[in-house]
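Let's practise reading a protein model together. Keep the sequence and the 3D view open, try each task yourself, and then compare your steps with the worked solution.

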Amino acid sequence: MLNNGLGRYDKAAAAARRACAFDDDLGSLVWAVPELIEAAARTGMAEAAAWAGDRLEEMAGATDTDWGLGILARSRALLTEGETADRLYRESITRLGKTRLRPDLARAHLLYGEWLRRRRRRLDAREQLRTAHDMLETMGMAGFAERARRELRATGATAHQRARPTRQQELTAQEAQIARLARDGLSNPEIGTRLYISAHTVQYHLRKVFTKLGITSRGQLDRVLPSDPRSQ
């Protein structure tokens with residue numbers, strides 16, 4: 001998936017073929033097969049693409065869910081041309097739009113937009129690519145978002161990266177307050193007394209703070225939290 005996102009289709013195909021070698025592991029196949037189809041379609045691996053397409057049709061037909069049939073339609077579209085491909089892309093977007101799996105829906109918009117651009121339908125392509133870019137950027141799928149951005153530029157449009165929040169902004173108000181008090185040397189019971197919460201609750205919030213700031217101990221808070229200007 002990472003290599004497909006980065007447009008390294010040869011590497012994506014090799015990795016997907018290794019994953020698909022475990023033919024009796026349906027849990028792996030349901031994720032690996034669509035990746036193989038996308039990579040194989042982009043690298044001219046007709047035999048691998050055909051095998052993966054047949055396997056996916058077998059699995060999707062057995063589940064009969066909007067997600068499975070949406071992925072199947074998206075994958076079939078990669079292997080066909082003309083009006084059939086157009087119809088399949090639109091079907092995949094409709095079906096995946098009924099599910100909660102936003103990454104797969106965003107990738108359907110991306111693939112449809114790429115297909116439209118190559119048929120010189122620039123205005124239609126921009127609509128799909130901008131939708132894909134905004135969704136992928138919001139979800140943090142940077143490789144796929146960059147792919148959408150490149151395609152948008154090729155249509156003559158631009159896509160701006162969203163401003164990413166700083167690590168300070170990622171903390172809630174209470175987490176930031178607890179983090180500052182811990183940085184200043186207060187113990188969990190002391191922080192709890194100040195904020196009228198239990199020491200256990202303080203520890204719960206500190207664990208979340210450590211995860212968000214990418215640290216592992218209170219001693220590192222001084223490095224990632226600036227001094228409070230109100231104390232100076």
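**Exercise 1. Locate Y196, and decide what is unusual about its backbone and whether it is buried or exposed.**

Step 1: Y196 sits in the loop between helix 12 (188-195) and helix 13 (199-213). Keep in mind that this is a predicted model.

Step 2: Check the backbone angle. Y196 is not a glycine, yet its phi is positive, at about 60 degrees. Most residues other than glycine have a negative phi.

Step 3: Check the surface. Exposed means over 50% relative accessible area. Y196 has a relative accessible area of 77%, so it is exposed.

**Exercise 2. Do the same for R120: which loop holds it, and is it buried or exposed?**

Step 1: Look between helix 7 (102-118) and helix 8 (122-139); R120 is in that loop.

Step 2: R120 also has a positive phi of about 60 degrees, although it is not a glycine.

Step 3: The relative accessibility of R120 is 76%, so it counts as exposed.

Step 4: For one more positive phi, go to G185, just after helix 11, where the value is about 100 degrees.

**Exercise 3. Describe the fold and the overall dimensions of the protein.**

Step 1: Count the elements. There are 14 helices and zero strands, so the pattern along the sequence is written with α alone, by the way helices and strands are assigned.

Step 2: Look at the extent. The C-alpha trace spans about 65 × 45 × 30 Å along its principal axes.

Step 3: Compare with a globule. A compact globule of 232 residues would have a radius of gyration near 17 Å, but this protein has 23 Å.

Step 4: Look at the inside and the outside. Of the 232 residues, 44% count as buried. The protein exposes about 12900 Å², and carbon and sulfur atoms supply 51% of that area.

Step 5: Consider charge. There are 39 positive and 30 negative side chains, and the centres of the two sets lie 6 Å apart.

**Exercise 4. Find the largest nonpolar core and say which helix gives it the largest share.**

Step 1: Recall a general trend: in soluble globular proteins, nonpolar side chains tend to be buried together.

Step 2: The largest nonpolar core has 45 residues, and V33, L56, Y89, L110 and L136 touch the most other members.

Step 3: Several helices each supply at least two residues of this core, among them helix 2 (9-20), helix 5 (66-78) and helix 9 (142-154). The largest share, eight residues, comes from helix 7.

Step 4: Zoom in on L136. Leaving aside neighbours within four places in sequence, L136 is in contact with A106, L110, M141, F144 and A145.

**Exercise 5. Which residues does I178 touch, and is I178 buried or exposed?**

Step 1: I178 is found in helix 11. The buried residues of helix 11 (residues 173-183) include E175, I178, L181 and R183.

Step 2: The relative accessibility of I178 is 0%, so I178 counts as buried.

Step 3: Not counting residues up to four places away in sequence, I178 touches I191, L195, I197, V202, H205 and L206.

Step 4: Try one distance. I178 and R194 are 16 residues apart along the chain, and their C-alpha atoms are separated by 9.8 Å.

Methods:
Residues are numbered from 1 along each chain as its sequence is written. This is a predicted model: local features need pLDDT of at least 70, side-chain atom pairs count only at pLDDT 80 or more; totals for chains, interfaces and linings use all residues. Side-chain values use heavy atoms; hydrogens and water are left out. Helices (H or I, at least four residues) and strands (E, at least two) are DSSP runs, numbered from the N terminus. The radius of gyration is taken over C-alpha atoms; the globule rule is 2.2 Å times the number of residues to the power 0.38. Buried means under 20% relative accessible area, exposed over 50%, partly exposed in between (1.4 Å probe, protein chains only). Accessible areas come from the Shrake-Rupley method with a 1.4 Å probe; for residues, only the protein chains shown count as cover. Lys and Arg count as positive and Asp and Glu as negative; His and the chain ends are not counted. The place of a charge is taken as NZ of Lys, CZ of Arg, CG of Asp or CD of Glu. Contact means heavy atoms within 4.5 Å. A nonpolar core is a set of buried Ala, Val, Leu, Ile, Met, Phe, Trp, Tyr and Cys residues joined through side-chain atoms within 4.5 Å.
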